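Dear colleague,

I am pleased to hand over the structure below for your study. Please look through it first and then read the notes that follow.

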Amino acid sequence: METDDREGNRMWEEDSSHKHLLDVSSWINCIVASKTTKDTMFARGIKRKCFDGEEDIEGTLAGFKSVPSYNLQRQSLLDMSLVKLQLCHMLVEPNLCRSVLIANTVRQIQEEMTQDGTWQVINAQNTGQASLDRLVSSDILCRSTKEQNEGKLVPSYSGFSKDFENTPSQDIISDLSTVTSVQAPRNPQSNNVWEMENSQENRGNFQKSLDQIFETLENKNPNSVEDLFSDVDNSYYDLDTVLTGMMNNTKMGHCDVLESFSSQTTTNSNSNCKSDINELDHIVEILVES
Amino acid sequence: MPEGDTGWKRAFEADIISTVEFNYSGDLLATGDKGGRVVIFQKEQENKSRLHSRGEYNVYSTFQSHEPEFDYLKSLEIEEKINKIRWLPQQNAAHFLLSTNDKTIKLWKISERDKRAEGYNLKDEDGRLRDPFRITALRVPILKPMDLMVEASPRRIFANAHTYHINSISVNSDHETYLSADDLRINLWHLEITDRSFNIVDIKPVNMEELTEVITAAEFHPHQCNVFVYSSSKGTIRLCDMRSSALCDRHSKFFEEPEDPSSRSFFSEIISSISDVKFSHSGRYMMTRDYLSVKVWDLNMETRPVETYQVHEYLRSKLCSLYENDCIFDKFECCWSGSDSALMTGSYNNFFRMFDRSMRRDVTLEASRESSKPRAILKPRKVCTGGKRKKDEISVDSLDFNKKILHTAWHPLDNIIAVAATNNLYIFQDKAN
């Protein structure tokens with residue numbers, strides 16, 4: 001048996017059972033328990049939508065640097081999280097751990113935005129930003145707060161338009177919203193991140209649902225995440241019931257939602273277990289009870 | 001291959017493997033899959049006369065443990081995917097294991113039959129009853145050998161005790177009881193009793209809107225039958241003593257590492273969520289797996305772990321992408337070697353990592369078709385984190401995040417490991433064996 005000559009490890013000489021433990025040349029294959037597999041159906045690597053937005057932003061706005069702002073990225077993360085909470089697996093009960101972690105993330109963002117003072121303002125012009133297409137690079141969010149404090153944050157807006165120079169940072173969002181409405185007619189074709197692209201066409205179900213969520217959030221106090229769920233009748237709408245109840249495929253009118261849930265029997269359920277895109281509308285209606 | 005070697009047998013393809021577990025002797029290896037099937041492999045007796053023979057694992061038994069069900073009240077499917085398998089210690093010729101899906105735990109008996117009786121008085125060889133008036137003489141049936149048949153039969157079904165999804169089961173050292181844990185509750189069962197279980201932990205808030213933390217894993221202490229631990233999605237572990245009260249909502253010990261404020265991000269909580277907790281064989285330590293690291297805790301010290309190993313720190317800068325594609329929620333398991341000197345856990349790109357605790361060394365290996373040729377020696381892999389990529393390194397951006405190794409198992413006595421890569425099972429052995 002070959003001997004190791006790692007330095008200073010006399011204790012290993014005595015115990016030969018794991019002397020070779022991490023000598024990788026000693027690990028060999030005993031059996032492969034498989035036939036040909038289908039696992040090549042997934043393409044190698046992942047498509048990272050997070051970073052796709054960066055290309056869109058680069059060079060399109062005068063004065064903007066190519067890295068999206070912290071606020072923008074944070075907003076993007078919030079949008080993504082809310083969409084994730086909605087889009088649960090349709091047939092099977094959603095994973096409670098995942099939902100709780102995402103909800104906690106939403107709360108965190110919300111708290112921070114409330115402290116920043118950006119929370120209320122965001123909702124005023126959120127409709128243009130809520131599109132999935134504009135998920136931007138959020139790698140800033142992956143950096144530690146320490147790195148952020150070292151000044152890698154928000155690029156200067158001062159070059160954007162002289163009317164908005166010297167704008168303090170917390171007003172930037174509101175200023176940009178004004179800019180949006182001014183800019184849009186002038187440059188409708190530009191790939192402007194603030195612009196509402198083809199506003200009517202993009203307002204599919206996702207858009208509408210997110211808008212409704214944001215309306216709810218806007219109208220309530222902080223801690224609106226709880227309100228997301230508190231609008232509904234508690235006796236039937238624990239978190240788990242909401243998350244699982246939304247999987248119910250019964251299509252019903254807007255006003256009948258609560259009534260029919262209280263008298264729900266199995267016969268109410270659709271026989272087919274698949275749901276279509278209108279499911280999302282239905283889910284949001286339950287949540288916002290508007 | 002040396003002459004005379006009959007070749008390595010291949011076990012058949014299973015669906016996506018969802019759990020892997022050696023039994024107490026290591027002779028049997030059970031896998032559960034997404035289709036609700038359990039496949040048990042048995043180590044062949046080593047044949048000393050064959051030069052390069054070593055124990056192969058061949059299929060021993062296959063059975064359908066769980067079927068898909070439908071919850072009519074909620075209009076939801078209950079997946080048949082096997083979440084966990086745990087063996088019972090062997091007490092007679094038969095083997096027993098517990099297998100569970102999201103809602104129901106089953107106790108299976110796996111027994112061998114290699115003889116059958118011939119020469120019955122009351123029935124023919126083909127089973128038809130004989131006319132009693134035709135029987136003129138009595139004979140004693142004779143046992144004759146037959147081909148080995150392995151039968152699996154469900155002996156107990158423990159159902160309807162969990163509202164949420166079961167993530168863990170753990171057999172107690174008393175060999176009479178076991179616990180099952182779901183997202184919010186832990187129940188204690190007696191193996192003989194199926195219509196009752198005791199709830200020993202309940203973290204469900206009165207108002208579900210206040211829910212911010214769930215149970216992610218639970219395990220009994222290997223020697224102290226009154227002690228168990230459970231981990232949470234907030235990165236904490238609670239150790240409970242069942243002697244202190246019937247409902248163990250109040251922990252005896254609370255393990256949590258203080259957060260480093262300089263590394264805080266929106267993803268801090270998610271990556272601190274513990275996906276697996278395992279006691280060491282000695283019972284002195286426990287190991288936890290969170291998204292980026294493996295930590296070893298001394299049960300006598302609650303303030304911080306005694307050892308921390310980075311599994312794939314290069315993913316820290318990619319957390320947002322991993323959040324977007326949901327990979328950040330992947331639940332990796334971890335395991336101890338038989339002597340507790342090494343740890344193993346999985347990663348992406350079919351990589352898995354082994355850590356030698358005493359020598360503070362670690363290695364990355366790959367479970368793949370290239371390394372799957374029999375007796376091929378595994379080459380250590382390295383992920384390039386930036387800068388120039390060396391020849392055999394792979395860059396972070398080239399990693400395949402669909403190829404994840406979530407389930408690994410280490411033989412309790414020998415250096416044999418089982419690694420589940422999606423729907424393939426790889427068994428590796430230290431050639432020094």
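**The nonpolar cores**

In this predicted model, the largest nonpolar core has 44 residues, and those touching the most other members are B:Tyr291, B:Leu315, B:Leu322, B:Tyr323, B:Ile328 and B:Leu399. Two or more residues each are given to this core by helix H3 (70-86) and helix H4 (96-116) of chain A, and by helix H1 (268-272) and helix H2 (319-324) of chain B. H4(A) supplies the largest share, 8 residues.

Leaving out residues up to four places away in sequence, B:Leu322 touches B:Tyr291, B:Leu315, B:Cys327, B:Ile328 and B:Phe401. Another core, of 16 residues, lies apart from the one described above; B:Leu365, B:Trp410, B:Ile417 and B:Val419 are among them.

**A buried aspartate**

B:Asp183 lies in the loop that runs between strand S12 (177-181) and strand S13 (185-190) of chain B. Although buried, B:Asp183 has no salt bridge, and B:Lys331, the nearest side chain of opposite charge, is 6.7 Å away. Which residues does B:Asp183 contact, leaving aside its neighbours within four places in sequence? They are A:Leu96, B:Tyr164, B:His165, B:Asn167, B:Ile203, B:Val214 and B:Ile215.

**Chain B as a whole**

Chain B contains 2 helices and 31 strands. Of its 433 residues, 56% are buried. The accessible surface of chain B is about 19400 Å², and carbon and sulfur atoms account for 49% of it. Among contacts in chain B between residues at least 6 apart in sequence, 52% link residues at least 24 apart.

With kind regards

Key:
Residues numbered from 1 in each chain as written. Chains lettered and ligands numbered in written order. Predicted model: local features only at pLDDT ≥ 70, side-chain atom pairs only at ≥ 80, totals over all residues. Heavy atoms only, no water. Helix = DSSP H or I, 4+ residues; strand = E, 2+ residues; numbered from the N terminus. Buried < 20%, exposed > 50% of the residue type's maximum accessible area, 1.4 Å probe, protein only. Contact = heavy atoms within 4.5 Å. Areas by Shrake-Rupley, 256 points an atom, 1.4 Å probe, with all protein chains shown as cover. Lys, Arg positive; Asp, Glu negative; His and termini not counted. Salt bridge = Lys/Arg side-chain N within 4 Å of Asp/Glu carboxyl O. Core = buried A, V, L, I, M, F, W, Y, C linked by side-chain atoms within 4.5 Å.
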